[in-house]
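Biologist: Please give me a close look at a single site in this model, and then place it within the rest of the chain.

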Amino acid sequence: MKNIELGNITPTVVASFDGLPDARQRELVQCLVGHIHQFAKDVRLTHEEWRAALGFLHRVGDISTDSRSEFSLLSDVTGLSSLVDVLASDPSATPGSVLGPFHTVGSPWMDNPVNLIAANEGRPVLLRGRVCNTDGEPLPQATLDFWQNAADGLYWQQDPNQPTDNLRCQLRMDAQGGFEIATIRPVPYQIPLDGPVWADLVGPAGLSGWRPAHFHLVVSAPGHHSLVTELFDAEDPYLESDAVFGVRAALVGRYAQQTDPAACARHGLPGPDCLVMSIDLRLAPVAPTP
Ligand code: BEZ
Ligand code: FE
């Protein structure tokens with residue numbers, strides 16, 4: 001008989017997972033069990049609190065679908081997604097930031113430079129930059145996956161009034177590793193308010209749930225770690241209080257009045273009114289396998 005009591009329950013449960021064949025999975029599971037047990041001991045978790053927590057997780061699962069993951073949102077608002085981004089970021093490369101729920105694979109490939117404005121309302125802007133390695137050398141073989149929200153704050157998947165694939169594309173860099181995207185200035189928006197993450201956690205905490213305006217980017221190049229990141233607007237009022245903790249200083253850009261009228265004209269943008277954000281995106285090399 002194994003007499004389970006406070007003094008032996010944690011090591012007994014941890015050891016019960018010794019048989020997991022994958023060493024990393026074993027490490028993750030055993031460490032997690034240890035931390036969860038310690039948490040319950042620290043706060044002297046009661047039956048009522050434990051049942052309430054399970055009920056919350058049930059509701060998080062119930063509202064999740066293939067196209068809407070409330071679990072991702074829970075990870076986002078508790079800062080876990082952002083912490084994993086920070087842990088994975090190479091200090092000499094551009095920092096990563098949250099992928100968010102509105103990335104979908106298979107964005108249309110378009111020619112670089114590209115104009116995504118079409119029928120979108122909003123302030124025309126030019127996002128331009130260069131993809132390079134951590135020594136600053138251009139990576140012309142890099143590709144970019146880009147998406148953002150429209151002037152109403154919604155991504156195309158959320159809004160039946162937007163055409164399919166509105167304000168998203170994939171691009172190949174030019175010979176200098178450069179890209180130019182004529183688009184509209186993204187706007188701040190709130191995380192979903194119709195689920196338990198808002199109703200039971202973020203709302204009751206008195207938080208606003210707003211994310212500062214941003215562009216989303218996934219940058220890839222052979223021999224380099226892919227970069228999932230966001231670019232923020234230095235004038236945004238929510239930079240201090242991003243609901244998902246994704247803002248990093250190196251990812252905040254300031255729009256400048258376009259000083260190169262030829263670049264505006266190339267996109268049919270009104271010269272003096274055209275705002276430009278410029279950014280260098282640095283990718284870390286994949287370490288050679290020994
Ligand atoms: C987004 O950036 O699209 C996003 C990220 C986390 C939660 C909701 C939206
Ligand atoms: Fe977003």
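Modeller: The account below starts with the metal site and works outwards.

This is a predicted model, in which local features need pLDDT of at least 70 and side-chain atom pairs count only at pLDDT 80 or more, while totals for chains, interfaces and linings use all residues. Residues are numbered from 1 along each chain as its sequence is written, chains are lettered from A and ligands numbered from 1 in the order in which they are written, and side-chain values use heavy atoms, with hydrogens and water left out.

The iron ion (ligand 2) is held by Tyr155 and Tyr189 through their OH atoms and by His214 and His216 through their NE2 atoms, at 1.9 to 2.1 Å. Donors here are N, O and S atoms within 2.8 Å of the metal (3.2 Å for Na, K and Ca), and water is not among the atoms, so sites may look incomplete. Along the sequence, the donor residues follow the spacing Y-x33-Y-x24-H-x1-H. The iron ion (ligand 2) has six donor atoms, and the angles among them run from 55 to 165 degrees, which makes the site irregular. For that label, four donors are tetrahedral if all angles lie between 85 and 135 degrees; four are square planar and six octahedral if opposite donors are over 155 degrees apart and all others between 65 and 115; anything else is irregular. For comparison, ideal angles at a metal are 109.5 degrees for four tetrahedral donors, and 90 or 180 degrees for six octahedral ones.

Histidine 214 counts as buried because its relative accessibility is 1%, and histidine 216 counts as buried because its value is 2%. Buried means under 20% relative accessible area, exposed over 50%, and partly exposed in between, with a 1.4 Å probe and protein chains only. Over the protein chain, buried residues make up 40% of the 290 residues.

One of the iron donors, Tyr189, also lines the largest cavity, together with Leu73, Asp76, Val98, Gly100, Pro101, Phe102, Ile191, Pro192, Arg211 and Val244. That cavity has a volume of about 100 Å³, and a search of the whole structure finds one cavity of 30 Å³ or more. On a 1 Å grid over the protein atoms alone, a cavity is a set of points where a 1.4 Å probe fits but cannot get out, and a pocket is an open set with protein on both sides within 12 Å along at least five of seven lines; lining residues have an atom within 4 Å of a point. Grid points are joined across faces, edges and corners, and a volume is the space filled by probe spheres set on the points. The cavity lining has eight nonpolar, one polar and two charged residues. Here Ala, Val, Leu, Ile, Met, Phe, Trp, Tyr, Cys and Pro count as nonpolar, Asp, Glu, Lys and Arg as charged, and the others, Gly among them, as polar.

Histidine 103 is in the loop between α5 (80-88) and β1 (114-115). Helices (H or I, at least four residues) and strands (E, at least two) are DSSP runs numbered from the N terminus. Histidine 103 counts as partly exposed because its relative accessibility is 22%. Proline 113 lies in that loop between α5 and β1 as well, and the peptide bond leading to it from asparagine 112 is cis, with omega near 0 degrees. Asparagine 115 belongs to strand β1; its C-alpha atom is 16 Å from that of histidine 216, with the two positions 101 residues apart along the chain.

Two loop residues have unusual backbone angles to check. Leucine 167, between β3 (143-147) and β4 (168-172), has a positive phi of about 60 degrees although it is not a glycine. Leucine 167 counts as buried because its relative accessibility is 2%. Phenylalanine 245, between β9 (227-233) and β10 (252-253), also has a positive phi of about 60 degrees, but is partly exposed, with a relative accessible area of 46%.

For the wider setting, the domain assignment (automatic or from a database) gives domain 1 (9-45) and domain 2 (71-283). Their C-alpha centres lie 38 Å apart. The largest pocket, of about 620 Å³, draws at least two lining residues from each of α1 (9-16), α2 (23-43) and α3 (47-63). Of its 18 lining residues, Ile36, Phe39, Ala40, Leu45 and Trp50 lie nearest its centre.
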